Amino acid sequence: MKKTIKSLFIAGFAIALTVTSCKKDETTTTTPTGTGPTVSITDSTGTNKVDTNNFFVFSFMKIAVTPVSGTTIDSMKLEIAVDGQTFGSSSFESLEADQVNGFTESISVADLINSLGASVNSKITFTATAKDNKGLTGTSSITYNIVNDNAVIVSKEIELGAQTNTAIPYKFLGIANNFTTYTPGETGTARTNSGDIDFVYYYGQNDKNAFAAPNNMDGAKVIWNSEINTWASQNATKFKTTTVTATQFDNIATSTKVDDTFAAETFATGVTEKVTSIAVGDVYAFQTASGVKGLAKFTAVATDATGSTKVVLIIQN
């Protein structure tokens, strides 16, 4: 039974998978020694296109086959490999009559990738091979990296003063408005912006350096009771320990720029309203009252209530 190239692609999808986004990793085009046909696979965004949602949704993969003069294209096959393991493959299949003299076909990248089942960070390689009526072949491949399409926002290093630190007036922090910090007191900024505050910093006798939700009763509202009780909103930020290391945190912030490592974190169980005895290099996962997930890495801590802490945040975009 004759098949078009598009049907060859569809026939190769042996398993159903779900992915979030993809980016093109590399494209190679080769022609074997001799007089075999030329095969190329490209995508509509061009070479070395950086991953974006638009690329995934609107990109089209194009396969082009050109026979050597005096020959015709007899058949095609497609191999699909996920992380080097072939999942879908067709043997050489005959072409439609209008394709034997060469052809191009465009296929939606979103349709292709969404028909497969690879986890985030997997690589999917499509390899097309054409055979001519002399038995000579040409081949080409294209590889896509599967990535989470949620880019991250990274804060600068933020310093917060402990409750008796008079040199650093900023005691509270929110992710809103580009990670704004807030000051206490009747003339401070916290009272009129309490709905935007996600974190309270304090140094406690038992808790030492602590990062807490504004609604935390046994820490934040002990140290800052008279202040927080004046707030119209007391947000319920949740914290969890995480396996993400300081090195991995830095890699997300400066290299990968995606939230693969914490996007799937669940905060239904195992959460706390505060993290205590914070040390330099500690990384914690958090979820704000509005549902934004993120990571906090501490780069400096205090030795008493006159000191300060420094923190860098990564959040979902």
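Helices and strands here are DSSP runs, numbered from the N terminus. On that basis, Asp83 sits in the loop between strand S4 (73-82) and strand S5 (85-89). The model is predicted.

**Overall make-up**

The protein chain holds seven helices and 20 strands. Of its 317 residues, 47% count as buried. Its accessible surface is about 14,500 Å². Carbon and sulfur atoms account for 48% of that surface. Take the contacts between residues at least 6 apart in sequence: 65% of them join residues at least 24 apart.

**A five-stranded sheet**

One open sheet has five strands, in the order S13-S12-S14-S15-S17. The pairing is antiparallel. Strand S13 (181-182) and strand S17 (274-275) form the edges, each pairing on one side only. Strands of a sheet pair through backbone hydrogen bonds, either parallel or antiparallel. Within this sheet, strand S14 (residues 199-204) and strand S15 (residues 208-212) are joined by five bridges in the antiparallel sense. Tyr201 stands opposite Phe211 in S15.

**Two positive phi values**

Most residues other than glycine have a negative phi. Asp83 and Lys257 have positive values, as the table shows.

| Residue | Phi | Place |
|---|---|---|
| Asp83 | about 50 degrees | loop between S4 (73-82) and S5 (85-89) |
| Lys257 | near 60 degrees | loop between helix H7 (246-256) and S17 |

Is Lys257 buried or partly exposed? Its relative accessible area is 38%, so Lys257 is partly exposed.

**Lys221, a buried lysine**

Lys221 belongs to helix H5 (residues 220-223). The residue is buried, yet Lys221 has no salt bridge. Which side chain of opposite charge is nearest to Lys221? That is Glu273, 9.0 Å away. A salt bridge needs a side-chain nitrogen of Lys or Arg within 4 Å of a carboxyl oxygen of Asp or Glu, so the Glu273 distance does not qualify. Leaving aside residues up to four places away in sequence, Lys221 touches Pro214, Asn215, Asn216, Ile228, Asn229 and Gln234.

**Thr35, a loop residue**

Thr35 lies in the loop between strand S1 (22-30) and strand S2 (38-43). Its relative accessibility is 39%, so Thr35 counts as partly exposed. With residues up to four places away in sequence left out, Thr35 touches Val68, Asp132 and Leu136. Thr35 and Lys134 are 99 residues apart in sequence. In space, their C-alpha atoms are 9.1 Å apart.

Notes. Residues numbered from 1 in each chain as written. Predicted model: local features only at pLDDT ≥ 70, side-chain atom pairs only at ≥ 80, totals over all residues. Heavy atoms only, no water. Helix = DSSP H or I, 4+ residues; strand = E, 2+ residues; numbered from the N terminus. Buried < 20%, exposed > 50% of the residue type's maximum accessible area, 1.4 Å probe, protein only. Lys, Arg positive; Asp, Glu negative; His and termini not counted. Contact = heavy atoms within 4.5 Å. Pairing = 2+ DSSP bridges. Areas by Shrake-Rupley, 256 points an atom, 1.4 Å probe, with all protein chains shown as cover.
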